[in-house]
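Hello,

Here is the structure for your files. My notes on it follow below.

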Amino acid sequence: MSNQAGPTMDVSCCLPLAERRVPAEAAAVLAPAFKALGDPVRLQLLSMIASAETGEICVCDLTPAFDLTGPTISHHLRTLREAGLVDAERRGTWVYYRARPGILRQLAALLTVAPAT
């Protein structure tokens with residue numbers, strides 16, 4: 001298993017959707033990430049990966065946190081990889097996951113709402 005680059009784009013493309021219409025190109029790149037996060041297990045997995053103290057976490061530490069089979073967790077992690085939200089690196093028997101901060105910033109920027117005045 002190698003690192004998977006996944007979709008990326010310049011963060012400047014993504015002004016908050018409350019300020020400007022999302023360009024079709026940006027929507028096509030970011031929609032799979034939002035779709036992947038629409039599942040509660042994947043949202044929890046990404047949270048665990050992104051908040052890992054060392055910046056990465058072993059699948060061996062993710063699986064016990066859920067009442068799901070290993071293959072089901074693997075499916076969810078593959079979905080996160082394919083959506084470009086995480087990178088994975090195999091080390092011996094285990095796979096380690098890291099969040100991709102660039103796309104997370106893009107998603108956050110798109111959803112930013114100006115404070116009420």
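**Notes on the predicted model**

His-76 has its place in helix α4, which spans residues 70–82. Please keep in mind that the model is predicted. The relative accessibility of His-76 is 9%, under the 20% limit, so this residue counts as buried. Not counting residues up to four places away in sequence, His-76 touches Asp-39, Val-41, Arg-42 and Leu-45.

Two of these, Asp-39 and Val-41, also meet at the start of α2: a side-chain oxygen of Asp-39 reaches to within 2.8 Å of the backbone nitrogen of Val-41. The buried residues in α2 are Val-41, Arg-42, Leu-45, Leu-46 and Ile-49. They lie on the same side of α2, because the arc they cover around the axis is only 135 degrees. As a reminder, an α-helix has 3.6 residues a turn, so residues three or four places apart point the same way.

Next to His-76 in the numbering is Leu-77. Leaving aside neighbours within four places in sequence, Leu-77 is in contact with Leu-45 and Ile-49, and also with Val-59, Leu-62, Val-86 and Tyr-97. Leu-77 belongs to the largest nonpolar core, a set of 28 residues. With Ile-49, Leu-80, Leu-85 and Tyr-97, Leu-77 is among those with the most contacts inside this core. The elements that each supply at least two residues of the core are α1 (24–36), α2 (40–50), β1 (57–58), α3 (59–62), α4, β2 (86–91), β3 (94–99) and α5 (101–111).

Just before α4 comes Thr-69, in the loop between α3 and α4. Thr-69 has a relative accessible area of 46%, so this residue is partly exposed. The side chains of Thr-69 and Thr-72 are joined by a polar contact of 2.9 Å.

On the aromatic side, the structure holds 0 aromatic pairs. There is, however, a charge over a ring: the charged end of Arg-91 sits over the ring of Tyr-96, 4.3 Å from the centre of that ring.

For the overall picture, the protein has 5 helices and 3 strands. Their order from the N terminus on is α-α-β-α-α-β-β-α. Of the 117 residues in the protein, 37% are buried. Among contacts between residues at least 6 apart in sequence, 63% join residues at least 24 apart.

Regards

How values were computed. Residues numbered from 1 in each chain as written. Predicted model: local features only at pLDDT ≥ 70, side-chain atom pairs only at ≥ 80, totals over all residues. Heavy atoms only, no water. Helix = DSSP H or I, 4+ residues; strand = E, 2+ residues; numbered from the N terminus. Buried < 20%, exposed > 50% of the residue type's maximum accessible area, 1.4 Å probe, protein only. Contact = heavy atoms within 4.5 Å. Core = buried A, V, L, I, M, F, W, Y, C linked by side-chain atoms within 4.5 Å. Phe/Tyr/Trp six-rings, centres within 6.5 Å; stacked < 30°, edge-to-face > 60°. Lys NZ or Arg CZ within 6 Å of the ring centre and 35° of its normal. Arc of directions from axis to C-beta. Polar contact = N/O pair within 3.5 Å; in protein donor to acceptor, adjacent residues only side chain to side chain.
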